[in-house]
Structure formats: C-alpha cells, structure tokens
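Student: I would like a close look at one residue and its surroundings. Please start with where it sits, then widen the view.

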Amino acid sequence: MKTDTVYKVKVQLLFLLLMFSTANVFAQFGTNQRQVSFYYGQTYRINDKFYNTFDISFEHLRTSCTHASFKGAGVRFDYFGKNSFAIGVRYFKAFVRRPDMFAPYFGISPIFFQFNSLMGMNLKPEIGIKFNPFFYSAIDVVLNASYGYDIPVINETNFKAGRHDLSLRIGFSIDLFKLIKLEKDSDSNTDNGKDTGEDKLIK
C-alpha cells in the first residue's frame, strides 16, 4: 500500500515537472511588444470632405503559442480648418483570439471639438484594423484603417463636420524596450571585442 502511494506521488511530480517544462518551451516562441506609434493620415467624413488627422498611441502586443492580445490607448487630433479641430482620447483592443501582424480592433473615445468659437463633445465608437508587417522589429512601419461614428453628447449642432468617419493612417512604431536591449547587446559585443592592456601583455 505504501509502495503504491509513493509511486503515485512520483507520477504526480513527474507530471508537474513536464507541464512546467512545456510551458517554458511555449513561452520561448512568444513576443511581448510595448510600442509607441505615431500616425498621420486622412479622415473622410461621409457627405463632407477629407481632413488631416494625427495620433500618437501606446500599444501592447503580446503573443505566445497558446494566447495573444493587442490593446492600447492614445490621443488623436483631427484638423478641420482654421480654429476648428477635435481631440479624442482613445482606448482600443483586439477582438480576435490571436492578433499578430493583422490586428482587428474595436475602440471608444470621448471627443472634444471646437468649430470657430463653438465647442462641444462627442462619443466615438470605432472598429478598425492595424497592419504592421515587421512587428518583431524594434522599429516598424504601420498602417491603420478605421471607421467610427461621432455620437453627439454636448452641443450637437456645434459639430460642423460629417459624423461618419472613415480614416486611413500611416505611421511608424518604436519598441523602446527592444531598442534599449539592442543598444546594450551592441555595447556588450563592443566591450568583448576590445583587448585590455593586460591581454596584450599576455599575447
């Protein structure tokens, strides 16, 4: 009876060790990116015209063999002309299980606008897709396409642009953590390649 108990304990410990080892192996095939992205593009307001749009976002992409996630937050600025603009604070998150270089997302943002001296507020839900072909790199070129609708919240009649927002933006992403790591690796390789005075005397 005692022998059977010891055997079961050994099997359980072996199973736990195997699971831990497998999890570590899976983790090696993942990526963890924290990017700062800068975008410039055009927003087409249906039944209106094209306007310039800019935004900066902090984006977090995490992938492994079993799971992936993409989310972020940022600030967007739409320029409608002299003394006319909108500023929005965005939050967005992927709605697919395994986003990678293609990351479909949904988002929400409160929009504060001004047209000449007239001000107000909208709430914009949006859906979009981000495409970054070199997302394993420290610096990446990105495309971002989205559709949103400006729901009036305060002073509806003061908003003079179309409420249907079709946007296409191009930009670049910088993974600061990877850049720092590359710089440290470069410095380490440089130091390893130098001969000290003591080494030269030995040679």
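Tutor: Let us take Arg163. Arg163 lies in a loop, the one that links strand S8 (151-154) to strand S9 (164-175). Keep in mind that this is a predicted model.

Is Arg163 buried or exposed? Its relative accessibility is 14%. Buried means under 20%, so Arg163 counts as buried.

Now the surroundings. Setting aside residues up to four places away in sequence, Arg163 touches Arg45, Asn122, Gly148, Tyr149, Asp150, Ile151, Pro152 and Glu156. Take Pro152 from that list. Pro152 and Arg163 are 11 residues apart along the chain, and their C-alpha atoms are separated by 8.9 Å. Take Asn122 next. The side chains of Arg163 and Asn122 make a polar contact of 3.3 Å.

Arg45 leads us onward. Arg45 is touched by Arg163, and Asp78 touches Arg45 too. Asp78 sits in strand S3 (residues 68-81). With 3% relative accessibility, Asp78 counts as buried, because the cut-off is under 20%. Which side chain does the side chain of Asp78 join in a polar contact of 2.6 Å? The partner is Thr53. Beyond four places in sequence, Asp78 also touches Thr43, Asn52, Ser84, Phe85, Ala86 and Lys124.

Arg45 has another link, this time to Tyr51. Without counting neighbours within four places, Tyr51 is in contact with Arg45 and with Gly41, Gln42, Thr43, Tyr79, Phe80 and Ala161.

Tyr51 takes us to the nonpolar core. The largest such core holds eight residues: Tyr51, Phe80, Ala86, Ile111, Phe113, Phe115, Phe159 and Ala161. Strand S5 (residues 102-115) gives the most to this core, three residues. There is also a second, separate core of six residues, among them Phe70, Phe92, Ala103 and Tyr105.

Step back to the whole chain. How many helices and strands does the protein chain have? It has three helices and nine strands. From the N terminus, the order is α-β-β-β-β-β-β-β-β-β-α-α. The protein chain has 203 residues, and 33% of them count as buried. Arg163 and Asp78 are two buried residues we have met.

Contacts across the sequence matter to the picture as well. Among contacts in the protein chain with a separation of 6 or more, 56% are between residues 24 or more positions apart. Last, the surface. The accessible surface of the protein chain is about 13000 Å², and 66% of it belongs to carbon and sulfur atoms.

Technical notes. Residues numbered from 1 in each chain as written. Predicted model: local features only at pLDDT ≥ 70, side-chain atom pairs only at ≥ 80, totals over all residues. Heavy atoms only, no water. Helix = DSSP H or I, 4+ residues; strand = E, 2+ residues; numbered from the N terminus. Buried < 20%, exposed > 50% of the residue type's maximum accessible area, 1.4 Å probe, protein only. Contact = heavy atoms within 4.5 Å. Polar contact = N/O pair within 3.5 Å; in protein donor to acceptor, adjacent residues only side chain to side chain. Areas by Shrake-Rupley, 256 points an atom, 1.4 Å probe, with all protein chains shown as cover. Core = buried A, V, L, I, M, F, W, Y, C linked by side-chain atoms within 4.5 Å.
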